[in-house]
Amino acid sequence: MALMITDECINCDVCEPECPNDAIYPGELIYEIDPNRCTECVGHFDEPQCVQICPVACIPKDPAHEEGHETLYQKYIRLQVVPAA
């Protein structure tokens, strides 16, 4: 399951640089998470880094993007593949 940022976000800027998949970006009002890039840090860390660092606990799992560990790991693998030149 990808993560999402709720409207409790205070735009503190600490989550964006912690994301190893560059899935977090500034939205119109608050930071947002691209579910196509979010692996919940599977393949990188044991826990989602954004969740660990968020001072207001506004990053829950996104019920609209349910994915199991294996699916998240496959997404991680896909994101790590560098296209041949």
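With a relative accessibility of 7%, Cys41 counts as buried in this predicted model. This cysteine sits in the loop that runs between strand S2 (31-33) and helix H1 (49-53). Its backbone also deserves a look: phi of Cys41 is near 70°, a positive value in a residue other than glycine. Asp13 can be set beside it, as another residue that is not a glycine yet has a positive phi, here of about 75°. Asp13 belongs to the segment before S1, and its relative accessibility of 43% makes it partly exposed.

The loop that holds Cys41 offers further residues to examine. Thr39 is also placed in the loop between S2 and H1. Is Thr39 buried or exposed? Its relative accessible area is 0%, so Thr39 is buried, the cut-off being under 20%. Beyond its neighbours up to four places away in sequence, Thr39 touches Asn21, Leu72, Lys75, Tyr76 and Leu79. The C-alpha atoms of Thr39 and Cys19 lie 9.7 Å apart in space, with their positions 20 residues apart in sequence.

Cysteines come up repeatedly here, and it is natural to ask how many disulfides the model contains. The count comes to 0 disulfides. Cys12 is in no disulfide, and the nearest cysteine sulfur, belonging to Cys54, is 6.1 Å away. A pair would have to lie within 2.5 Å to count, so the 6.1 Å between the sulfurs of Cys12 and Cys54 does not qualify. Cys12 is partly exposed, at 33% relative accessibility. Cys38 is likewise in no disulfide; for this residue the nearest cysteine sulfur is that of Cys50, 6.4 Å away. Cys38 is buried, with a relative accessible area of 7%.

Several of these cysteines reappear around the enclosed spaces of the model. Rolling a probe the size of a water molecule over the atoms shows where empty space is left. For this structure, the search gives 2 cavities of 30 Å³ or more. The largest cavity holds about 100 Å³ of space. Which residues lie nearest its centre? They are Cys19, Pro20, Cys38, Cys41 and Cys50, out of 15 residues that line this cavity. By class, the lining of the largest cavity is made up of 10 nonpolar, 3 polar and 2 charged residues.

The second largest cavity contains about 80 Å³ of space. Its lining has 14 residues, and Cys9, Cys12, Cys15, Cys54 and Cys58 are the closest to the centre. Sorted by class, the lining of the second largest cavity includes 12 nonpolar residues, along with 1 polar and 1 charged.

Attention now turns to the packing of side chains. In soluble globular proteins, nonpolar side chains tend to be buried together. In this model, the largest nonpolar core has 16 residues, and the members that touch the most others are Ile5, Cys15, Ile24, Ile33 and Ile59. Ile33 lies in strand S2 and is buried, with a relative accessible area of 11%. Leaving aside neighbours within four places in sequence, Ile33 is in contact with Leu3, Met4, Ile5, Ala23, Ile24, Tyr25, Cys38 and Ile59. Ile33 also shows how the fold brings together distant parts of the chain: its C-alpha atom is 8.2 Å from that of Ala2, although the two are 31 residues apart along the chain. Ile24, another of the core residues named above, has its own set of partners. Not counting residues up to four places away in sequence, Ile24 touches Ile5, Cys15, Glu16, Cys19, Tyr31, Glu32, Ile33 and Cys50.

Tyr25 is found in strand S1. At 33% relative accessibility, Tyr25 counts as partly exposed. Its contacts, with neighbours within four places in sequence left aside, are Glu16, Ile30, Tyr31, Glu32, Ile33 and Asp34. The C-alpha atoms of Tyr25 and Cys15 are separated by 9.2 Å, and the two residues are 10 apart along the chain.

Finally, the segment before strand S1 (24-26) also contains Thr6. Thr6 is buried, with a relative accessible area of 16%. Which residues does Thr6 touch, not counting those up to four places away in sequence? The contacts are Ile30, Cys58 and Pro60.

Methods: Residues are numbered from 1 along each chain as its sequence is written. Side-chain values use heavy atoms; hydrogens and water are left out. On a 1 Å grid over the protein atoms alone, a cavity is a set of points where a 1.4 Å probe fits but cannot get out, and a pocket is an open set with protein on both sides within 12 Å along at least five of seven lines; lining residues have an atom within 4 Å of a point. Grid points are joined across faces, edges and corners, and a volume is the space filled by probe spheres set on the points. Ala, Val, Leu, Ile, Met, Phe, Trp, Tyr, Cys and Pro count as nonpolar, Asp, Glu, Lys and Arg as charged, and the others, Gly among them, as polar. Helices (H or I, at least four residues) and strands (E, at least two) are DSSP runs, numbered from the N terminus. Buried means under 20% relative accessible area, exposed over 50%, partly exposed in between (1.4 Å probe, protein chains only). Contact means heavy atoms within 4.5 Å. A nonpolar core is a set of buried Ala, Val, Leu, Ile, Met, Phe, Trp, Tyr and Cys residues joined through side-chain atoms within 4.5 Å.
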